[in-house]
Amino acid sequence: MNPTFDDLGLIPELLQTVADLGYATPTPIQAEAIPALLAGHDVMGQAQTGTGKTAAFTLPLIQRLDTDGLQMLVLAPTRELAIQTSQAVYRYGTQLGLRVLPVYGGQSYTRQTRRLEKGVNVVVGTPGRTLDLIRQRALDLSAVRFVALDEADEMLKMGFIEDVEAILKATDAGTRQTALFTATLPNEIQRLARAYMRDPQVISIESEAVTVDNVFQRYYVVRDNDKVAALCRLLEVEELHNTLIFTRTKAGAARLAETLYGRGYPADAIHGDRPQIERERILRLFRAGTLKLLVATDVVARGVDIPDVSHVINFDIPQLGIEYVHRIGRTGRAGRSGDAITLISPRQRGHLRRIEDYTRQPITKAKLPTRDDVLQRRDDHFRTTLIDQIEARESEAGYAILDELEAMGYLPNQIAAAAIKLLRAEETDRPLEDIRDAQERKPGKNGRDKWSRNGDRNGNSHGKNGKHGKNGKKRSRRDRTGQEAGMVRLYMDLGRSNGVRPGDIVYGVASQADIPGDSIGAITIRDHETYLDVRDEHVDAVLSAMQRGRIRGQVTTLIRAEGVFE
Ligand code: AMP
């Protein structure tokens, strides 16, 4: 039986956080590392990104923090990862009110020093900058009891091992509990573990290497509203035999099966809310080939024996790399070839890239079949079926009616055309909807207003006054950077010194996250960093698209400013 989060020894506050984040069950690395770290052991985990390793070391270690002040240090190889991890630590620690500070090169020392002086509980840093701050006596690690080395093999590759050792030496070896995560185990990492870890518990998560060279993995970018229409087009033109379609939730699975059924694509769903007996019946039909389209959730699919399928379709992209591998492993078995198709919205591009990082395999971008492709395909299919029927010479029963109709004066080709029309009526039950180009919104000459700063302000303030005016809860601007009610402040580690201007932010963020330009509010650009306000409902889209986004051609990560940068 797989453990649940409740079995791992986490305190209620953290269980609540995990539930709020929607994590249903611990990942394998979490199931092993959390109890070990809670028990005070050093842990060396072999796991890549996408396995849930950040929560695997963060949850238990923050549970063990017991006094105020700086007690925990996380080292990460890159600025990007340090920022991302600091955000994750902050998120996992919300209920505990943790103060987290990321430190990395390129950001001003003064800022970091000032924040350190004010007091933080966790520092997440790149080795270079962390060591600099120690040497400048701005960072004092003497009270640090928990150290996590994230992606240790990457730090080695980047030549940071000496820095890492110097940093470890600045902590108290007697009280330090160390967690080390690495995707590979080169000698140098083993040596580091021997020298700096106390009898580490080694956890190796079998790399679920994607042994699916014979699976063609591709993705389509479509807007959320067009996903069903896009799926239907694919169902029409693909050479489908038996197809497994994944959704994220039980409700989503039920809804999608119903929608497909209603559109003339017989589908059924298995999910946790259906009685076992029904699930078995559906699976029998699927195995027998009577049912060709099966919609499922990850949880259910894991527990049942589903035969090899011709297509796996990720209607919803999985959250974890490991889930992606499990899903697509359902096709391409026993040397046969298979197809794995993933639908993503424009804002999920970053998420898809992280899955590619996890599998270390490219997923090819593909273009949806057009309406004409579908019609052409329907014609071809009908023609072939008709020819097969003629060739089979089993149509004698039709001659009697044909003779009668001819006797009434109708010509054979008139009769045949009418019969074809009747036969093809069922095709019109399958509506062919228009699909908007997911990339189409680009600021152009006429679109300027939409993207301009003034336009934003006006749009925002009208909406807000109207809404809050009613119950008299009109909130004023919150502080100097101007975060307004209904907006969330985000942070990015590029600023004036990187040539960033307001227009770059509005254009870059809006086009990559596929949100209207006027959902971006106040922008404050400093030398090395930028704050921007984004309307509540678009925050998730922006964070997801900008996990590895581009502004003026430079890669950056946008994160919530709250807690970490405020
Ligand atoms: P990581 O391997 O730490 O980079 O995590 C990969 C992604 O998985 C992150 O987006 C996490 O929010 C998410 N995640 C971590 N643990 C779980 C879990 N138990 N269930 C679902 N998602 C998770």
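Here are a few questions and answers about a pocket and a helix in this predicted model.

Reader: Where does the second largest pocket lie relative to domain 2 and domain 3?
Author: Start with the space itself: about 1,400 Å³ lies in this pocket. Its lining takes residues from domain 2 (215-368) as well as from domain 3 (372-429), so the pocket lies between them.

Reader: Which residues are the closest to the centre of the second largest pocket?
Author: There are 42 lining residues to pick from. By type, they split into 21 nonpolar, 8 polar and 13 charged. The ones closest to the centre are H381, F382, T385, L386 and L423.

Reader: Which helix gives the largest share of that pocket's lining?
Author: Several helices supply at least two residues each, among them helix 10 (227-237), helix 17 (396-407) and helix 18 (412-423). The largest share is 8 residues, and that comes from helix 16.

Reader: On helix 5, are R111, Q112, R115 and L116 buried or exposed?
Author: Look at how they sit around the helix: they cover an arc of only 130° around the axis, which puts them on the same side of helix 5. On the other side, T110, E117 and K118 are exposed. Under 20% relative accessible area counts as buried, and R111, Q112, R115 and L116 are buried.

Reader: What do the buried residues of helix 5 pack against?
Author: Helix 5 spans residues 109-118, and just after it G119 takes a positive phi of about 105°. The packing partners of its buried residues are strand 3 (100-103), strand 4 (122-125), helix 6 (127-135) and strand 17 (530-535).

Notes:
Residues numbered from 1 in each chain as written. Predicted model: local features only at pLDDT ≥ 70, side-chain atom pairs only at ≥ 80, totals over all residues. Heavy atoms only, no water. 1 Å grid on protein atoms, 1.4 Å probe; cavity = no way out; pocket = protein on both sides within 12 Å on 5 of 7 lines; lining within 4 Å. Points joined across faces, edges and corners; volume = space filled by probe spheres on them. Helix = DSSP H or I, 4+ residues; strand = E, 2+ residues; numbered from the N terminus. Nonpolar A, V, L, I, M, F, W, Y, C, P; charged D, E, K, R; others polar. Domains from an automatic or database assignment. Buried < 20%, exposed > 50% of the residue type's maximum accessible area, 1.4 Å probe, protein only. Arc of directions from axis to C-beta. Contact = heavy atoms within 4.5 Å.
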